[in-house]
Amino acid sequence: RSTSVYVRQRMDEQTKLELRVAREHYERREYDKCEPILRQILDRVEDFADVHNMLGVMAHDRQDFELAERCFARALQLNPRYTEAALNLTVTYNDLGQYDLAREVHERATAQQRPNDGLDPFARGKLANMHADLAQAYVEAGLPRDAIPELERAVSLCPHFADLRCRLGILYRELGDLRRARAQFEAAKAANAGYAPARVQLAMMMIGANERQAAEEELRDVLHHDPEHKTAQMYLRMLRSMALPTPVL
């Protein structure tokens, strides 16, 4: 028994590192790099709901709805309160024409919790994602100013979604509103301190404001949790080179 626990602990450390790398590829939609890592994880540890959900998203993206349904269903079996997986499963059941099952999953998800304003978390997340998708369409059409109100609506619906705040902050920055950009990156950090993209974006703002020590602390914290984060490594090297004294010729 003690040997089994020791092996499981070693596996857990390896899995943590692999998950960090996989999520970085996932956020960049590099699914061809992400999926093999997730499959390796499942070969050792099968009970990660988040891994099944990500695999389901990738299967749905290539329109393999049957596989996507199995992945999302497994994620919900492992974590019945996993709202994102429930939303994904509902959409997949609709794609498969299984509308009764879609309605059943929706009802179970919304029964978990209802906020005081009457809008359940499931619908709130769905609406927020719809606004975010519309914002992305505006960006791709070359209309970033029209994208901002859509992302603002998405953030107002789900203020704890760090990725939405980060995207809004990037848009603000690109349009020159540095104060609002930084406020969004700070809020994203407060919502999810482990969300590395927001921490890196915040560090970039600090570098621009000549707050080098604060920027270095942000980047070091990112690398503490993810030693292989390439962007954080790059900016930290840049900060160190900026700190070197100019040689006297």
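**View A. The axes of α3 and helix α5 (residues 83-95) come within 10 Å of each other and cross at roughly 30°.** That makes α3 roughly parallel to α5 (angles under 35 degrees count as roughly parallel, over 145 as roughly antiparallel, 65 to 115 as roughly perpendicular and the rest as oblique). Here the axes are lines fitted to C-alpha atoms, for helices over the stretch in contact, with angles running from 0 to 180 degrees between N-to-C directions. What you are looking at is a predicted model, in which local features need pLDDT of at least 70 and side-chain atom pairs count only at pLDDT 80 or more, while totals for chains, interfaces and linings use all residues. Residues are numbered from 1 along each chain as its sequence is written, and side-chain values use heavy atoms, with hydrogens and water left out. The crossing of α3 past α5 is left-handed (the near helix is turned anticlockwise from the far one by less than a right angle; clockwise would be right-handed). On the α3 side, N53, V57 and H60 meet E84, A85, N88, V91, T92 and D95 of α5 (contact means heavy atoms within 4.5 Å).

**View B. The whole protein has 13 helices and zero strands.** Helices (H or I, at least four residues) and strands (E, at least two) are DSSP runs, numbered from the N terminus. Followed along the sequence, the pattern reads α-α-α-α-α-α-α-α-α-α-α-α-α. Among the 249 residues, 39% count as buried (buried means under 20% relative accessible area, exposed over 50%, partly exposed in between, with a 1.4 Å probe and protein chains only). Of the contacts with a separation of 6 or more, 44% come from residues 24 or more positions apart.

**View C. The largest nonpolar core holds 36 residues, and L151, L164 and L219 touch the most other members.** Such a core is a set of buried Ala, Val, Leu, Ile, Met, Phe, Trp, Tyr and Cys residues joined through side-chain atoms within 4.5 Å. At least two residues of this core come from each of α7 (121-140), α8 (144-157), α9 (162-174), α10 (178-191), α11 (196-208), α12 (212-225) and α13 (230-243). The largest share, eight residues, belongs to α11. Another core, of 31 residues, lies apart from this one, and its members include A49, M54, L55 and Y93. Back in the largest core, L151 touches A132, A135, L164, R167, L168 and L171, not counting residues up to four places away in sequence.

**View D. I148 sits in helix α8.** Its 11% relative accessibility makes I148 buried. Beyond its neighbours within four places in sequence, I148 is in contact with L168, L171, Y172 and L175. The C-alpha atoms of I148 and G169 are 9.5 Å apart, although 21 residues separate the two along the chain.

**View E. Q201 is a residue of helix α11.** It counts as buried because its relative accessibility is 13%. Setting aside neighbours within four places in sequence, Q201 is in contact with C166, I170, R173 and F185.

**View F. Helix α2 (residues 31-44) has 14 residues and should span 20 Å at 1.5 Å a residue.** Its end C-alpha atoms are 20 Å apart, so the two agree (the expected span is 1.5 Å times one less than the number of residues). The buried residues of α2 are Y31, C34, E35, I37, L38, I41 and L42. At 17% relative accessibility E35 counts as buried, and beyond four places in sequence E35 is in contact with L55, M58 and R62.

**View G. Helix α7, with 20 residues, should span 28 Å, and its end C-alpha atoms are 28 Å apart, which agrees.** F122, A123, R124, G125, A128, A132 and A135 are the buried residues of α7. Just after this helix, G142 takes a positive phi of about 80°.

**View H. Q63 and N210 are two loop residues to look at for their backbone.** Most residues other than glycine have a negative phi. Q63, in the loop between α3 (49-61) and α4 (65-78), has a positive phi of about 65° although it is not a glycine. With 60% relative accessibility, Q63 counts as exposed. N210, in the loop between α11 and α12, is not a glycine either and has a positive phi of about 65°. A relative accessible area of 54% makes N210 exposed.
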